[in-house]
Amino acid sequence: MKVDEVLQCSFPSWYNKFKDITIKSYMIPLPQEFIDYLHADGIVLPAESITASAQESNDDNMEGEEIDVDWDDDDGPIAEEPSFPEFETTIKNKIKSCGGKVFPKLNWSSPQDATWISFDKTLKCTCPSDIYLLLKSSEFITHDLTQPFYKCEDYDEDRSDITVKYHLILRQWQDLNPAAEFRCYVRNNQLLAISQRHHSIYYEHIVDQREDIVADIKSFFYHMVSPKFPCTNYSFDVYRRDKGKLLLIDFNPFGSVTDSLMFTWKELEEAESLESTGTDSADFPAFRCVARPEGVQPSPYATCGVPRDIIDLATGQDPYKLMDLLKLKVQNQNEESSDDDEDTIATPTT
Ligand SMILES: Nc1ncnc2c1ncn2[C@@H]1O[C@H](COP(=O)(O)OP(=O)(O)OP(=O)(O)O)[C@@H](O)[C@H]1O
Ligand SMILES: [Mg+2]
């Protein structure tokens, strides 16, 4: 994998060329203070974004009732509130232009590992603070900002010829059916392999329609993608809305920073080892999907989120855990108070 291949997969590099076959999106250059904010420890939302979203939801849903909460916490330093009013106004305008709901990402990655922190456990954002919270909580976003050329064979820290202009990408929100998403791998300009995108789930219709799916994706690749994409090795994601109706979702580098899904990178790099689908006279692309209900795997983001114990405690789903926690707390208090007693000098009573 080369630096230039990674740069070509950056959203601003390809979007204008593929505008007609992908989801409507806006690219907003990131101001340096926002990049610094993303790098900083802790999550503090800009005051104006909170006030604005609270105000909007107040206007929408409530009638006059005010809840006075004192958020001040005397224990500890108060982090400085960031402020980027201009950037925020642009975000609000673009959200409006997208119909009120957007999917956020940076040049390469979306904060898919942070959905656990959002209200509805998705990346759907309706106001700037939704976006800030997801971006600040995601390690994938930190990776985009700090190590975009990780694993590139021609990259080293001393290279001064590479500059990345970071953008916030806001894509119009689409209710996508995960069963219609596929990831395709291209090597030497040849469509090598296609995998079901969400490989932790069994979808019966994919198995039934595999020949049509492969034919549609092949045609989309040779007519719409390959003639305009400048690299010879890459991966791209497609959404097959209906027979013959495909939408481009994203480009990704051809290398282990991209999930190989139902293949292994060894197989993809040594293409001869791939089985053919047998659906066409040509050997490729190989096509893989979950063929049986027993073939399901754990969700790839199952390890990203709040610890199970905290969820059980917060929702009261497991009362025994709460009782154990309370017992532990009482035990600790008893231990502390008996330590205090030992430290106290006894005063004689009269
Ligand atoms: N505009 C959108 N509206 C709703 N969901 C979307 C939208 N765009 C993408 N998605 C969903 O989010 C998933 C991830 O999107 P995308 O591929 O752009 O993110 P990514 O971070 O580049 O992912 P990866 O690291 O796997 O390449 C998609 O598979 C799709 O299910
Ligand atoms: Mg991607």
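**Exercise 1. Polar contacts of ligand 1**

Identify which side chain has an N or O atom 3.0 Å from an oxygen atom of ligand 1, and describe the surroundings of this ligand.

*Solution.* Step 1. In this predicted model, the side chain of R183 places an N or O atom 3.0 Å from an oxygen atom of ligand 1.

Step 2. Two further side chains are to be considered. K105 has a polar side-chain atom 2.9 Å from an oxygen atom of the ligand, and for Q112 the corresponding distance to an oxygen atom of ligand 1 is 3.0 Å.

Step 3. Ligand 1 is surrounded by 19 residues. The closest are K105, S110, E181, R197 and D250.

**Exercise 2. Helix 5 and helix 6**

Determine how helix 5 and helix 6 are oriented relative to each other, and state which residues make the contact.

*Solution.* Step 1. Helix 5 comprises residues 85–97, and its axis comes within 9 Å of that of helix 6, with a crossing angle of roughly 110°.

Step 2. Angles of 65 to 115 degrees count as roughly perpendicular; the two helices are therefore roughly perpendicular to each other.

Step 3. Helix 5 contributes F87, E88, I91, K92 and I95 to the contact, while helix 6 contributes P128, I131 and Y132.

Step 4. By class, these residues are six nonpolar, no polar and two charged.

**Exercise 3. Helix 3 and helix 6**

Describe the crossing of helix 3 with helix 6 and its handedness.

*Solution.* Step 1. The axes of helix 3 (residues 32–39) and helix 6 (residues 128–136) come within 9 Å and cross at roughly 50°.

Step 2. Helix 3 is therefore oblique to helix 6.

Step 3. The crossing is right-handed.

Step 4. F34, Y37 and L38 of helix 3 meet Y132, L135 and K136 of helix 6 in the contact. This set consists of five nonpolar, no polar and one charged residues.

Conventions: Residues numbered from 1 in each chain as written. Chains lettered and ligands numbered in written order. Predicted model: local features only at pLDDT ≥ 70, side-chain atom pairs only at ≥ 80, totals over all residues. Heavy atoms only, no water. Axes fitted to C-alpha atoms, helices over the stretch in contact; angles between N-to-C directions. Helix = DSSP H or I, 4+ residues; strand = E, 2+ residues; numbered from the N terminus. Parallel < 35°, antiparallel > 145°, perpendicular 65-115°, else oblique. Left-handed = near helix turned anticlockwise from the far one by under 90°. Contact = heavy atoms within 4.5 Å. Nonpolar A, V, L, I, M, F, W, Y, C, P; charged D, E, K, R; others polar. Near = heavy atom within 4 Å. Polar contact = N/O pair within 3.5 Å; in protein donor to acceptor, adjacent residues only side chain to side chain.
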